[in-house]
Each structure stands twice: as C-alpha cells, then as structure tokens.
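Let's take a walk through this model together, moving from an enclosed space to a helix and then to some charged pairs. Have the viewer open and follow along.

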Amino acid sequence: MCHITQRSSTFSFPKICTIFWRFHHTSTSHWCSCSKTVSDEKYQDPFQLGRKDLKNLYEDIKKELLVSAAELKEMCDYYFDGKGKAFRPMIVVLMARACNIHHNNSKEVQASQRSVAIIAEMIHTASLVHDDVIDDANSRRGKRTLNQIWGERKAVLAGDFILSAASVALARIGNTTIISVLTQVIEDLVRGEFLQLGSKENENGRFAHYLEKTFKKTASLIANSCKAVSILGCPDPRVHEIAYQYGKNVGIAFQLIDDVLDFTSCADHLGKPTAADLKLGLATGPVLFACRQFPEMNAMIMRRFSKPGDVERARKYVLQSDGVQQTTYLAQRYCHAATREIRKLRPSPEREALVHLTEMVLMRDK
C-alpha cells in the first residue's frame with residue numbers, strides 16, 4: 001500500500017497567488033507538456049469505467065424531481081436530457097471505487113455513494129440555471145437557456161426546486177457528516193457568486209480573488225463530492241483528504257481551461273457565446289496574465305469592460321499576449337497536483353482512470 005501523508009485542506013490563496021506570479025516568469029522550457037501527464041500504465045477510459053455506475057443516471061434524477069405541475073416538470077427535465085457527459089458524477093463514482101478498493105478491495109459502489117453522484121449533478125445543474133439568470137445568458141450546452149424560454153422568475157424557481165430535491169436526496173442518505181460536507185458546496189456556490197460580482201484594485205489581490213471565486217463556484221462541488229464518497233467508503237481521514245485534494249485541483253484546472261476556451265473556441269463548438277466573460281465584466285486568468293504585458297487593461301478591468309470597445313480591445317490584448325498559454329500552464333500545474341494526490345491510493349483501474357482524467361481536462365476543447 002502506498003504511503004499516505006496528511007495534508008491540510010486549507011486553500012491558501014495569497015500563497016498560491018505568489019507562486020502563480022513566479023510561474024508566470026518561469027521559462028516555458030521548465031514546464032512539462034500536456035502529454036507528460038499521462039501515465040505509462042495501460043490507459044483506462046474514465047467514461048468507459050464509470051458507465052456501469054452511471055446507467056440510468058438521468059432517469060434516477062428525474063425520479064427525484066417528481067412534480068405534478070407540467071410546466072415545472074418540463075423545465076426540470078430540460079437539462080437532464082441524457083445528452084451531457086455527466087463529468088462530475090463520473091468523477092464521483094470513480095473516486096468511490098478507488099477509495100473502496102484502497103480500503104478493503106471492494107469493487108462495488110455503494111448505493112449511498114451513487115446517490116452522492118446524483119446529488120452532485122443536481123446541485124451543479126441548479127447552479128447553472130441560477131447563473132444563467134444572473135448573467136442573462138441566451139444559450140447553454142448548445143440550446144436556449146431556461147430563462148430565455150420561460151422567463152427569469154420561473155427559471156429561478158426551477159433552480160430552487162432542483163436544489164431542494166437534491167437536499168431531500170441528501171437527507172435520505174442519513175449521514176450527518178455527508179450532509180455537512182455537501183451543504184458546504186451550496187454555501188460556497190453562493191459565496192463564489194458574490195465574489196464574482198466584486199473586484200480588486202491590487203493586481204495580486206485580484207488574482208487571489210479570481211482563484212478563490214474559481215474554487216467556490218467550480219472546484220468545491222467536485223472536491224466535496226469526492227470527499228463525501230471517500231468518507232462513505234473508507235474510515236481513514238488521510239484518504240478523505242486525498243479525495244478532497246484531487247477534486248479541488250481537478251476542479252480548478254477544469255475552470256481555468258474553461259476560461260481559456262472562452263477566448264480560443266468558436267461559439268458553435270463551445271455551446272455558448274465566446275468572450276462571454278468579458279461581456280459580463282469578468283477578468284479571468286487569460287485577462288489577468290495579459291494585463292502584465294498590457295497594463296492599460298487595468299483600467300478596463302476596474303470598469304468591468306463597460307465602455308464601448310472595451311470587450312474587443314481586451315480580447316485582442318489577450319490573444320496578442322501569452323495569457324492563454326500561461327493559464328493553460330497553470331491548469332497543468334493543478335492537474336499534476338491532482339495526479340500526485342490520487343497516486344497515494346492503492347493501484348486500481350479507477351485510480352488510473354482518475355489520473356488520465358487530468359489529461360482529458362487539459363485537452364478538452366469544449
């Protein structure tokens with residue numbers, strides 16, 4: 001069995017911010033290429049391994065959303081159409097298997113662990129519905145948003161209903177520790193949204209602010225869901241920390257790449273408008289890196305790209321800078337950290353799939 005070391009789950013944003021700027025000035029020759037993240041062991045396709053445990057996932061979610069009102073049912077079913085990749089539930093069931101095997105070589109996912117995967121997808125979808133209302137978004141996953149079809153008020157209520165159904169499913173697990181871990185996600189989502197509505201004048205403070213927002217809005221759900229299934233499958237707190245750290249690092253990397261794709265992917269391929277973050281007044285990783293080369297962007301960031309021509313100019317500066325490349329490099333660092341964590345578990349196909357998942361995060365194009 002691999003040696004496991006204890007690590008604090010505290011996320012020190014100022015420290016990471018300092019390291020981040022050091023990364024920015026490091027020669028690119030010091031970085032490993034994306035291909036180096038791949039294990040030399042036999043490739044394990046995460047989606048193939050997770051498919052068995054995710055069978056009928058969306059049907060089971062719809063059972064949690066049983067409601068008599070036809071319109072509300074139609075709204076709730078809109079995103080649970082079975083066409084998504086179920087990225088978060090897939091990570092959760094793979095982590096469940098990896099931790100179960102590590103603990104007692106059990107190769108089955110417990111019913112309560114699968115419930116966590118269902119709850120994670122419900123919380124995630126509810127947050128998307130609410131985000132689209134806040135952002136007045138027109139499209140999501142290649143189709144019109146709920147708020148565009150049914151209006152903002154009904155969309156908010158639909159998101160609330162999905163969240164309440166997830167809470168009922170969570171209570172049904174009957175484990176107070178799991179309830180505490182997963183309700184932290186909901187708190188983080190709200191706090192992350194408030195962080196996104198604010199901004200910082202100081203450059204270093206601005207990046208720390210961005211990383212904290214990224215953790216709370218995206219990574220907390222993955223980190224705490226992974227931690228929850230590890231608690232259900234293994235009594236060792238060191239394993240709980242490994243699961244949490246893996247999910248945290250993968251989640252942050254996922255969002256960093258998402259922020260890169262906002263500048264590099266076409267709208268049709270991405271499933272939502274490009275430069276969407278700039279239009280919302282948000283300074284993401286590529287923008288913050290570009291600002292180091294084009295200081296005139298500072299004024300645009302502080303006014304949240306509100307003047308005519310700001311969005312176009314900012315996008316031009318980002319593409320002329322190394323902002324996209326540096327953000328990708330930073331995502332790679334987080335993926336390496338996730339790999340280091342998960343390799344502390346006993347070898348298993350699921351562990352290797354979670355290792356390879358880090359490359360999939362880096363290489364995704366939508």
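**From a cavity to the salt bridges**

The largest cavity has a volume of about 200 Å³. Please keep in mind that this is a predicted model. Searching the whole structure gives two cavities of 30 Å³ or more. Around the largest cavity there are 16 lining residues, and those nearest its centre are G198, S199, H209, L282 and A283. Two elements, α9 (176-197) and α10, give two or more residues each to this lining. The largest share, four residues, comes from α10. By character, the lining of the largest cavity divides into six nonpolar, six polar and four charged residues.

H209 is a good place to stop. This histidine sits in helix α10 (residues 203-233) and is one of the residues nearest the centre of the largest cavity. Is H209 buried or exposed? With a relative accessible area of 13%, H209 falls under the 20% cut-off, so it counts as buried. Its side chain reaches the backbone oxygen of L195 at 3.0 Å.

Next, have a look at helix α11 (residues 237-264). How far apart should its ends be? At 1.5 Å a residue, its 28 residues should span 40 Å, and the end C-alpha atoms are indeed 40 Å apart, so the two values agree. Helix α11 is mostly covered, with 25 of its 28 residues buried. At its N-terminal end, D236 acts as a cap: a side-chain oxygen of D236 lies 2.9 Å from the backbone nitrogen of R238.

Now for the charged pairs. Side chains of opposite charge can pair when their charged atoms come close. The count for this model comes to 18 salt bridges. In one of them, D53 pairs with R97, and the closest N and O atoms are 2.6 Å apart. D53 lies in the loop between α2 (46-51) and α3 (57-64) while R97 lies in helix α5 (residues 87-104), so the pair ties together parts that are 44 residues apart in sequence. D53 is buried at a relative accessible area of 9%, and R97 is buried at 7%.

Another salt bridge joins D60 and R114 at 2.8 Å, N to O. D60 belongs to helix α3 and R114 to helix α6 (residues 111-135), so this pair links parts 54 residues apart in sequence. Both D60 and R114 are buried.

Finally, R343 and E352 meet in a salt bridge at 3.0 Å, N to O. R343 is partly exposed, at 27% relative accessible area, whereas E352 counts as buried at 4%. Elsewhere, salt bridges with shared partners join D60, K63 and R114 into one network.

Technical notes:
Residues are numbered from 1 along each chain as its sequence is written. This is a predicted model: local features need pLDDT of at least 70, side-chain atom pairs count only at pLDDT 80 or more; totals for chains, interfaces and linings use all residues. Side-chain values use heavy atoms; hydrogens and water are left out. Buried means under 20% relative accessible area, exposed over 50%, partly exposed in between (1.4 Å probe, protein chains only). A polar contact is a pair of N or O atoms within 3.5 Å; within protein, one must be able to donate a hydrogen and the other to accept it, and residues adjacent in sequence count only if both atoms are side-chain atoms. On a 1 Å grid over the protein atoms alone, a cavity is a set of points where a 1.4 Å probe fits but cannot get out, and a pocket is an open set with protein on both sides within 12 Å along at least five of seven lines; lining residues have an atom within 4 Å of a point. Grid points are joined across faces, edges and corners, and a volume is the space filled by probe spheres set on the points. Ala, Val, Leu, Ile, Met, Phe, Trp, Tyr, Cys and Pro count as nonpolar, Asp, Glu, Lys and Arg as charged, and the others, Gly among them, as polar. The expected span of a helix is 1.5 Å times one less than its number of residues. A salt bridge is a side-chain nitrogen of Lys or Arg within 4 Å of a carboxyl oxygen of Asp or Glu.
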